[in-house]
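Me: I'd like a close look at a single part of this one, please. Take your time and walk me through it in one go.

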Amino acid sequence: MKEHIVVRTVCSILIPFIQLFALYVVANGESSPGGGFQGGVILGASIILYAIVFGMKSGRKRVSERLSDLLISAGVLIYAGVGLLAIFAGGAYLEYGALPLGTKKLASHLGIYGIEIGVAITVAAVMITIFFETARHEDD
Amino acid sequence: MIDIILLLFLVICGFVAVAMNDLLSTTIILGAYSLIMAIVWTRLNAVDVAFTEASVGAGITTVLIIAALSRTQRMEAQILAGGRSKKYEKYKVKRLLLLMVILVTGGILMYGTIDMPAFGNPNDPANLHVVPRYIKKTYEETGVVNFVTAILANYRGYDTLGETSVIFTAGLSVILLLRRKK
């Protein structure tokens, strides 16, 4: 769709807002509908939209194979890591309240934040990867 | 009234999606199906589920199926071959049998819903087990207001970890199976 100037212009205006909304959905998941999974999907979708409009090659320039591969495992690592930190802090696995971050309530809140971010990173990276690996590229 | 219209739309979407031979149109119709489903979830006050349905079902799934379609043909094979093939005629009896099985299964499922408690009844067994505790103590115990998030991330943290691992494994499998070597 590289040659459609309307699509290109609209998308280059829209994509930052889509990404901002994705971050909002992740960050505000604990007080409104949404959370890591939905936010991650929206974030992934914004990159997919970019790749559809500006071509697969420039999409891969923004999010390289190396980066998306790294992010796929980084998200799960963050999730599991928060759980392990809770063990080191003297609690059970994934017992966020035990993390040494102020009161129990605040620690639990921040722990949930941490794992939501982990989920969002993995989901976004996996969606991007599935799209780039399944869709047909220009040169094949 | 609006619920009945929405459910009717769902049924129509389902029928059309099966009847279509153009796979791209089918994909778009399934996206519309998911969007209507999201509205139904909202009507049932399940906003988090509606959000997921709208972003995953209507959004990303449609795109990923279209991405997969870009590597194959847009039309079903029998249309490309020109009309319905002999195979289609051969399996007519089998298809009728399948229809019967589907109708019976659907009937049994519908019969099962008769025994279900009324929607939103606070005295349902399902609403009396752990739900009161979630509603009363979520903020106190987890510091989070939206108790759907609290259940997913805290009370059922292991399940969500497993879910994330499933997505991770899916990504890994796609890389291993489909990545083109340079």
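The part I mean is where the two chains meet: what is the area buried between chain A and chain B, and what percentage of it do carbon and sulfur atoms give?

Reply: Happy to, with the reminder that this is a predicted model. The area buried between chain A and chain B is about 3800 Å², and carbon and sulfur atoms give 68% of that. In terms of residues, 48 from chain A are in contact with 38 from chain B.

Let's start with what chain A brings along. Its secondary structure comes to five helices and zero strands, so to speak a plain α-α-α-α-α when you read along the sequence. Along the principal axes, the C-alpha atoms of chain A fill a box of roughly 60 × 30 × 15 Å.

Now the polar side of the interface. Between chain A and chain B there are 18 residue pairs in polar contact, counting pairs with both residues at pLDDT 80 or more. On the chain A side, the elements that give two or more residues to the surface touching chain B are helix H1 (5–27), helix H2 (36–54), helix H4 (65–88) and helix H5 (104–134). H5(A) has the largest share, with 17 residues. Sorted by class, the side of chain A that touches chain B has 26 nonpolar, 13 polar and nine charged residues.

Salt bridges come next. The rule finds three across the interface of chain A and chain B, and six over all chains. One to look at is the pair A:Glu133 and B:Arg179, whose side chains meet at 2.9 Å, N to O. A:Glu133 also has a partner within chain A: its side chain meets that of A:Arg60 in a salt bridge at 3.8 Å, N to O. That second pair links distant parts of the chain, with A:Arg60 in helix H3 (residues 56–62) of chain A and A:Glu133 in helix H5 of chain A, 73 residues apart.

Stay with H5(A), and look at how helices of chain B lie against it. Helix H8 (residues 131–142) of chain B packs on H5(A) at an angle of about 95 degrees, with the axes 7 Å apart. That makes H5(A) roughly perpendicular to H8(B). From H5(A), the residues involved are A:Lys105, A:Ser108, A:His109 and A:Ile112, and they meet B:Tyr139, B:Glu140, B:Glu141 and B:Thr142 in H8(B). The classes in this contact are two nonpolar, three polar and three charged.

Helix H9 (residues 147–155) of chain B also packs on H5(A), here at about 85 degrees and with the axes 10 Å apart. H5(A) and H9(B) are therefore roughly perpendicular to each other. Here A:Ser108, A:Ile112, A:Ile115 and A:Glu116 in H5(A) meet B:Thr149, B:Ala153 and B:Asn154 in H9(B). This contact divides into three nonpolar, three polar and one charged residues. If you compare the lists, A:Ser108 and A:Ile112 turn up in the contact with H8(B) and again in the contact with H9(B).

For a contrast, take a helix pair inside chain B. Helix H2 (residues 23–43) and helix H3 (residues 47–69) of chain B pack at about 175 degrees, with their axes 8 Å apart. That makes H2(B) roughly antiparallel to H3(B). Among the residues of H2(B) in this contact are B:Leu24, B:Ile28, B:Gly31, B:Leu35 and B:Trp41, while H3(B) gives, among others, B:Val49, B:Glu53, B:Gly57, B:Ile65 and B:Leu69. By class, the contact has 14 nonpolar, six polar and one charged residues.

Notes
Residues are numbered from 1 along each chain as its sequence is written. Chains are lettered from A and ligands numbered from 1 in the order in which they are written. This is a predicted model: local features need pLDDT of at least 70, side-chain atom pairs count only at pLDDT 80 or more; totals for chains, interfaces and linings use all residues. Side-chain values use heavy atoms; hydrogens and water are left out. Contact means heavy atoms within 4.5 Å. Buried area is the accessible area (1.4 Å probe) that two parts lose on being put together, summed over both. A salt bridge is a side-chain nitrogen of Lys or Arg within 4 Å of a carboxyl oxygen of Asp or Glu. A polar contact is a pair of N or O atoms within 3.5 Å; within protein, one must be able to donate a hydrogen and the other to accept it, and residues adjacent in sequence count only if both atoms are side-chain atoms. Helices (H or I, at least four residues) and strands (E, at least two) are DSSP runs, numbered from the N terminus. Ala, Val, Leu, Ile, Met, Phe, Trp, Tyr, Cys and Pro count as nonpolar, Asp, Glu, Lys and Arg as charged, and the others, Gly among them, as polar. Axes are lines fitted to C-alpha atoms, for helices over the stretch in contact, and angles run from 0 to 180 degrees between N-to-C directions. Angles under 35 degrees count as roughly parallel, over 145 as roughly antiparallel, 65 to 115 as roughly perpendicular and the rest as oblique.
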